[in-house]
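This report covers the sheets, the helices packed on them, and the nonpolar cores.

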Amino acid sequence: MQKTLEQIDYFTIRDQVASFCLSEEGKVNLEKRLPLHNSDEIEHLKKASREWLNCICASSTSPFNGWSSIRPLLSVIRMTGASLTLEQVYTLGQFCTACSRAFTYIDSHYVDWELPVLKAESEKLLPVNDASNKIYRIITPDGEMKDLPEIAAIRKQIASLNSRIKNIMNSFLKDSKYASVLESNVPVLKSGRQVLAVKAGMQNKIEGIVHEVSATAKTVYIEPTESVHCTNELIQKEFELESEIKRILTQLTESLQENIPVFKTNLPLMEFFDTTLAAARWGKENNCVYAIPCLTNDHSGQNRDEPPLLYKARHPLLGEKAVPIDIQFMSGKRVLIITGPNTGGKTVTLKTFALFAMLNQTGLPVPAGEGSRLPVFGKIFADIGDDQSLDQSLSTFSGHMKNISKAIKFAEDDSLVLLDELGSGTDPLEGTAISMAVLDHLIEKKAFVLVTTHQGILKNYGYTNPACINASVEFDTTTLSPSYRLLMGVPGESHALEIAGKSGLPRFIVNNAKNYIATEKADVSSLIKGLNTKHRELDRMKSQMDKLQRQLDEKEQRQTERDIELREKEHQLKQGFQKESEEFLAQSRKKLENLVRELREGEITREKTLGVKQFINDLTAATLENERKIQEEEERLGLEKLEAEKKAHELRSHTSNKKTKKRLSNREALAFAESTHVSEAAAMGKASDGKTVPLIFEEGVQVEVGANHMAGTLVKLEKKGVWKVQFGSVQMSCKEKDMVLVGGKMQAGDFKADISVEMKGDSENEAPVFELRLLGMRMEDAIRALERQLDLCTLHNFPHFSIIHGKGNGILQQAVHDYLSHYQGVADFRFAPPEDGGFGKTYVTLK
């Protein structure tokens with residue numbers, strides 16, 4: 001397998017991805033990774049990488065920082081008396097910082113950016129606060145030793161000694177009497193000590209210790225006596241500083257022993273984060289996608305095995321030169337036979353499919369289009385290139401047979417077999433026979449096989465065998481060069497003669513070659529050319545269909561947006577009408593309640609009666625005005641619709657000579673309907689002479705109204721289709737369509753109204769309920785429903801009902817009781833007994 005992975009450039013691409021890791025250990029981990037065979041493990045890696053891609057697209061901030069390798073440091077920490085260096089301590093600090101940053105980053109964004117896999121893995125990270133506090137107590141974020149109290153005094157003494165040595169040196173360098181003695185006006189560092197460069201003949205002018213003489217013997221390096229003591233003391237203090245730092249680091253190393261389990265637990269998790277993030281970063285840079293698994297579960301829970309598909313696949317090593325290709329297996333067809341000219345891309349196609357399959361099984365994205373599918377292969381075998389070996393006495397054909405034999409012996413139904421130039425290197429007839437026999441055996445084993453060949457008989461084999469599918473690399477006959485596109489379902493010609501002529505072979509030789517094969521190849525060539533022409537025509541038609549489909553989709557989208565806009569406008573209008581109706585109803589209710597209160601508080605006087613009549617007249621006028629406006633709007637819309645229909649009719653008349661029927665306007669249609677309407681609800685009555693006569697709507701006629709069959713008497717016609725009806729001592733306005741004639745005409749003096757009320761709404765929904773449920777309502781909606789219930793109870797003489805308001809926080813309960821306590825028509829209200837709801841239910845009794 002190692003050799004096959006090398007042949008398909010797997011290691012090259014894997015190392016490219018590894019270069020995107022932030023840490024050394026993540027890079028090493030990815031460089032050692034090989035294709036996996038467990039589908040769950042593969043999908044886990046891909047899901048994590050896909051989630052990192054979401055993060056990268058949403059924010060440019062790095063999720064965590066990199067770190068150097070910490071695995072070797074754990075053995076140092078474990079050793080008694082061992083000491084980490086300052087650089088190693090800094091490496092551990094970087095790792096702790098990376099752990100904290102990764103956890104915080106994922107925890108902050110896992111909801112908004114949908115990171116379930118990363119969140120689950122981050123929850124496994126152990127806290128690093130203790131180790132981090134220990135490390136950063138002694139070093140700065142840049143990895144320098146802090147100025148701790150233990151070493152601050154020593155550093156101060158060292159600084160003082162350096163200052164004294166500097167002053168001593170300056171006393172010689174700046175003194176004019178030594179100008180002719182010194183070779184240089186700056187001190188020189190020899191063996192860690194500052195010395196003066198003195199001319200060889202003048203060394204007696206400066207007292208001190210000679211440390212070195214130049215190679216030319218012209219310069220003597222002398223340390224002045226005044227600085228010798230200071231330098232000795234400086235060396236001693238520097239040794240003390242190093243010893244103190246060593247002691248601090250040893251103490252820190254010993255204290256970190258208890259944090260080894262934290263490092264060992266977190267390191268694999270951080271490597272997982274680093275490698276999956278690297279895959280996402282590489283995928284984003286190369287416009288990659290994550291392949292869909294071929295084996296999936298459908299909605300019914302059954303396993304569904306889809307054939308492999310690569311859409312717009314691009315080999316990553318070709319860069320911008322890569323021509324996207326589509327490779328599609330069909331259900332039940334596991335052998336793909338690719339034919340076509342040399343240098344046309346057959347072998348690249350072979351390698352691309354195998355490379356993408358192995359990258360997918362490594363948990364990496366592939367440079368292809370969305371919707372690409374790849375299975376999980378258990379084994380991969382390849383016979384690519386020339387395995388000729390002089391050392392092992394292997395010819396080209398023998399090398400091919402050795403590789404093919406291995407595939408035949410070990411291939412299974414989950415194996416991928418790559419056979420490049422199958423049947424070459426020997427006699428064409430025998431090579432073709434061997435090729436078909438090999439394919440027969442691999443088909444029996446149900447292995448996935450990709451074959452490239454120039455054998456013409458194998459093209460026919462691909463057509464006749466139901467397990468095979470032909471494909472070819474396209475060749476441009478005008479330029480005599482390949483286009484590197486893969487045509488599925490169509491075999492290709494080798495075009496050897498055309499390529500040979502373009503490569504410099506004399507034309508007369510090419511022509512002679514054509515004469516030799518003209519009679520044998522004519523039929524096959526014509527067939528292939530015809531298939532290629534039909535394939536190009538199908539591609540053109542498919543492109544046109546795709547274009548039309550896009551136009552239809554765009555048109556449908558615009559229509560959907562227009563419908564949504566119209567519905568929004570309609571909703572806004574309904575809200576406006578609803579608000580106006582509520583305001584009108586609220587004002588009318590207040591006036592009516594005031595009038596009823598005045599009538600109940602005292603005697604009915606002429607002024608009060610006139611006030612009630614004036615209120616009713618005003619209410620009627622306002623209602624009629626609203627209806628008039630609505631009717632005008634309907635007429636205007638009808639005229640506009642009629643005008644639009646006329647224009648549409650005119651447009652249609654230009655394209656058709658057929659006569660069309662005249663369309664009626666809304667007003668004309670209504671008039672026609674009224675002129676031909678026969679009431680289905682007309683009742684029959686008896687005249688004084690015993691004859692049966694039809695009853696008609698007129699004053700004094702007895703009627704029943706609504707679903708409750710309320711008996712009443714017609715008082716007068718208010719407007720067309722609407723009558724004033726008396727129910728006992730109450731009068732209401734009702735529509736003819738809601739009434740049924742049930743009795744003869746009464747005398748005018750038999751009925752008289754004390755109070756007149758206009759009923760609004762549908763008569764079928766006007767009955768009060770025995771149990772009013774307010775649960776789940778807002779307080780305003782609940783009070784409005786209670787008002788309606790009380791009005792209906794008054795009109796229908798309904799003395800008792802109950803209200804279910806629930807307990808909750810008591811807000812709705814209090815609002816209901818407050819309203820009932822101020823409503824004059826309520827005689828009594830009280831909570832229900834415990835067995836019937838208790839404090840969540842109220843019984844109401846009306847006067």
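Strand 3 (208-213) and strand 4 (residues 219-224) are antiparallel partners joined by five bridges. Here strands (E, at least two residues) and helices (H or I, at least four) are DSSP runs, numbered from the N terminus, and two strands pair if DSSP finds at least two bridges between them. Within this pair, Glu212 faces Tyr221 of strand 4.

The model is predicted, so local features need pLDDT of at least 70 and side-chain atom pairs count only at pLDDT 80 or more, while totals for chains, interfaces and linings use all residues. Residues are numbered from 1 along each chain as its sequence is written, and side-chain values use heavy atoms, with hydrogens and water left out.

Strand 3 and strand 4 belong to an open sheet of four strands in the order 1-2-4-3, with antiparallel pairing. Strand 1 (188-190) and strand 3 are the edge strands; each has a single partner strand, so one side of each lacks a neighbour in the sheet. On average, neighbouring strands of this sheet are turned by 45° against each other, direction ignored.

A second open sheet has four strands in the order 25-26-28-27, and its pairing is mixed. Its edges are strand 25 (771-773) and strand 27 (826-831), each with a single partner strand, so one side of each has no neighbour in the sheet. The twist from one strand to the next averages 20°. Strand 25 runs parallel to strand 26 (residues 800-804), to which three bridges join it. Arg773 has Ile804 in strand 26 as its bridge partner.

Helices pack on both sheets. Contact means heavy atoms within 4.5 Å; axes are lines fitted to C-alpha atoms, for helices over the stretch in contact, and angles run from 0 to 180 degrees between N-to-C directions.

| Helix | Strands touched | Angle |
|---|---|---|
| Helix 9 (residues 149-173) | strand 2 (193-199), strand 4 | about 10° with strand 2 |
| Helix 10 (residues 225-255) | strand 2, strand 3, strand 4 | about 70° with strand 4 |
| Helix 21 (residues 811-822) | strand 26, strand 27, strand 28 | about 155° with strand 27 |

The largest nonpolar core has 72 residues, of which Trp52, Phe64, Leu92, Ile206, Met270 and Phe273 touch the most other members. Such a core is a set of buried Ala, Val, Leu, Ile, Met, Phe, Trp, Tyr and Cys residues joined through side-chain atoms within 4.5 Å, where buried means under 20% relative accessible area (1.4 Å probe, protein chains only). Helix 11 (residues 260-285) gives the most to this core, with ten residues. Leaving aside residues up to four places away in sequence, Ile206 touches Phe172, Tyr178, Val181, Leu182, Leu196, Val198 and Ile222. A separate second core of 48 residues includes Leu30, Leu374, Phe377 and Ile469.

Terms used
Buried means under 20% relative accessible area, exposed over 50%, partly exposed in between (1.4 Å probe, protein chains only).
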